[in-house]
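Student: I should like to take a close look at the charged side chains and their pairings. Please then carry the account on to other parts of the chain.

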Amino acid sequence: MIWFLSCETSDRHLNTFLGPQQFDLNEVNMKELIKQAAEDLAAAGKVTALTGAGISIESGIPPFRGKGGLWERFDPMEIAHIDALMRDPAKVWTILVKEMKEIVDTAVPNDGHKGLAKLEEMGKLKTVITQNIDGLHQAAGNTDVIEFHGTFAWQRCMDCSREYETSKVDISEIPPRCSCGGILRPDAVFFGEMIPQEALWRSRQIAFDCDLMLVVGTSAVVQPAALMPVIAKENGAKVVEINPERTPLTDEISDYLITGGAGDVMNQIIEKLEQIS
Ligand code: OAD
């Protein structure tokens, strides 16, 4: 909805005259958008969600980009590319995987994940397409989660493909090894690798078929995941973004952006949706 964007601009403009202490128009704007999202969800038949690292920040898992992001500290081509893993698995384990294991092993779902699980419980949301590998959507209670970039819950032997549950892998020696002697690697997608075919195929179908896509906590710069809202939009769905920042989707694809953290925004949407349904 182009009208909303111009409305947002004029709100900001007005704020400079009125002063936030007199009347916080951003707050009003946010409330209107929450109400709009609840109404859109109530009206939609098939709702899906695309999530990214931003939804897990409130669970203590750092994002990739932006302030405090992993790629601020490390070059992804040095530690998250398949060539880097093949060249020096011990380095990738030491810098990236070990730290991720320590964080993901103990992370629990936050209100953002719980909100999406609640939407499923309310019969609104069926599938979550996530770029995250932390398993927190499943832990929150969503039962149909497409792990677009694979999962960190399992490690796979690079020689014999035997799988091990990550939380049970002993990391006293890096890199950890399979009983066959092969090196273990996360069952997640590294840069330069293919998206799991079933995940890609199902995600495209679901994006094509939905009436409303919630896009939560993704910078929407990594392909082909960022194409899913485009497919949804091109096939007539509403696209509703929840993110404290604008993304490349915001102007061209999203109907509107609810500017805020996933937990707080999801709580408010659920509260409103419960009032009207
Ligand atoms: P990014 O780290 O690129 O983006 C995180 C997004 O979350 C940003 O747009 C932030 O503005 C937003 N954000 C920050 N705090 C938030 C909050 N409290 N609630 C909601 N959103 C918040 O993460 P992704 O878009 O998931 O791929 O990154 C995509 C892919 O790039 C990842 O799956 C990973 C990475 O390289 C692979 O490793 C293959």
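What is the relative accessibility of Arg246, and how does Arg246 count on that basis?

Tutor: Arg246 counts as partly exposed, because its relative accessibility is 43%; the term covers values between buried (under 20% relative accessible area) and exposed (over 50%), found with a 1.4 Å probe on protein chains only. The model is a predicted one, in which local features need pLDDT of at least 70 and side-chain atom pairs pLDDT 80 or more, while totals for chains, interfaces and linings use all residues. Residues are numbered from 1 along each chain as its sequence is written, and side-chain values use heavy atoms, with hydrogens and water left out.

The partner of Arg246 is Asp251, and their side chains form a salt bridge with an N to O distance of 2.4 Å. The term requires a side-chain nitrogen of Lys or Arg within 4 Å of a carboxyl oxygen of Asp or Glu. Asp251 has a relative accessible area of 41% and is therefore partly exposed. Over the whole structure, 16 salt bridges are found.

Another of these pairs is Lys98 with Glu102, whose closest N and O atoms are 3.7 Å apart. Both residues belong to helix H6 (residues 89–106) and stand four residues apart, about one turn of the helix. Helices (H or I, at least four residues) and strands (E, at least two) are DSSP runs, numbered from the N terminus. Lys98 is partly exposed because its relative accessible area is 29%, and Glu102, with 45%, is also partly exposed.

The bridge between Glu274 and Lys118 has an N to O distance of 3.6 Å. This pair connects distant parts of the chain, as Glu274 is in helix H12 (residues 262–276) and Lys118 in helix H7, 156 residues apart. With 43% relative accessible area, Glu274 is partly exposed; Lys118, at 26% relative accessibility, counts as partly exposed. A network of salt bridges links Lys118, Glu274 and Glu121.

Helix H7 (residues 111–121) also holds His113. His113 counts as buried because its relative accessibility is 0%. If residues up to four places away in sequence are set aside, His113 touches Ile55, Ser56, Ser59, Leu136, His137, Ala140 and Asn142, where contact means heavy atoms within 4.5 Å. The C-alpha atoms of His113 and Ala139 are 8.6 Å apart, with these positions 26 residues apart along the chain.

A further buried position is Thr48, in strand S1 (residues 47–51). Thr48 is placed in this class because its relative accessibility is 1%. Leaving out residues up to four places away in sequence, Thr48 touches Leu125, Thr127, Ile129, Ile206, Cys210, Leu212, Met213 and Leu214. With Thr127, a polar atom of the Thr48 side chain lies 2.8 Å from the backbone oxygen.

The ligand is the next topic. Around the ligand there are 22 residues, of which Phe64, Arg65, Thr218, Ser219 and Asn243 come nearest; a residue is counted if one of its heavy atoms lies within 4 Å. An N or O atom in the side chain of Arg65 is 2.6 Å from a ligand oxygen atom. Backbone N or O atoms also approach ligand oxygen atoms, at 2.8 Å for Ala53 and at 3.3 Å for Gly217. Of the 800 Å² of accessible area that the ligand has on its own, the protein covers 90%; such areas come from the Shrake-Rupley method with a 1.4 Å probe.

Some backbone angles also deserve attention. Most residues other than glycine have a negative phi, and most peptide bonds are trans. In the loop between strand S7 (212–216) and helix H10 (227–234) lies Pro224, which is joined to Gln223 by a cis peptide bond with omega about 5°. The loop between S7 and H10 also contains Ala220, which has a positive phi of about 55° without being a glycine. Ala220 is buried because its relative accessible area is 10%.

Elsewhere, the peptide bond from Ile174 to Pro175 is cis, with omega near -5°. Pro175 is found in the loop between strand S5 (163–165) and strand S6 (184–188). Ser161 lies in the loop between strand S4 (150–157) and S5. Although not a glycine, Ser161 has a positive phi of about 70°. Ser161 counts as partly exposed because its relative accessibility is 44%.

Terms used:
Polar contact = N/O pair within 3.5 Å; in protein donor to acceptor, adjacent residues only side chain to side chain.
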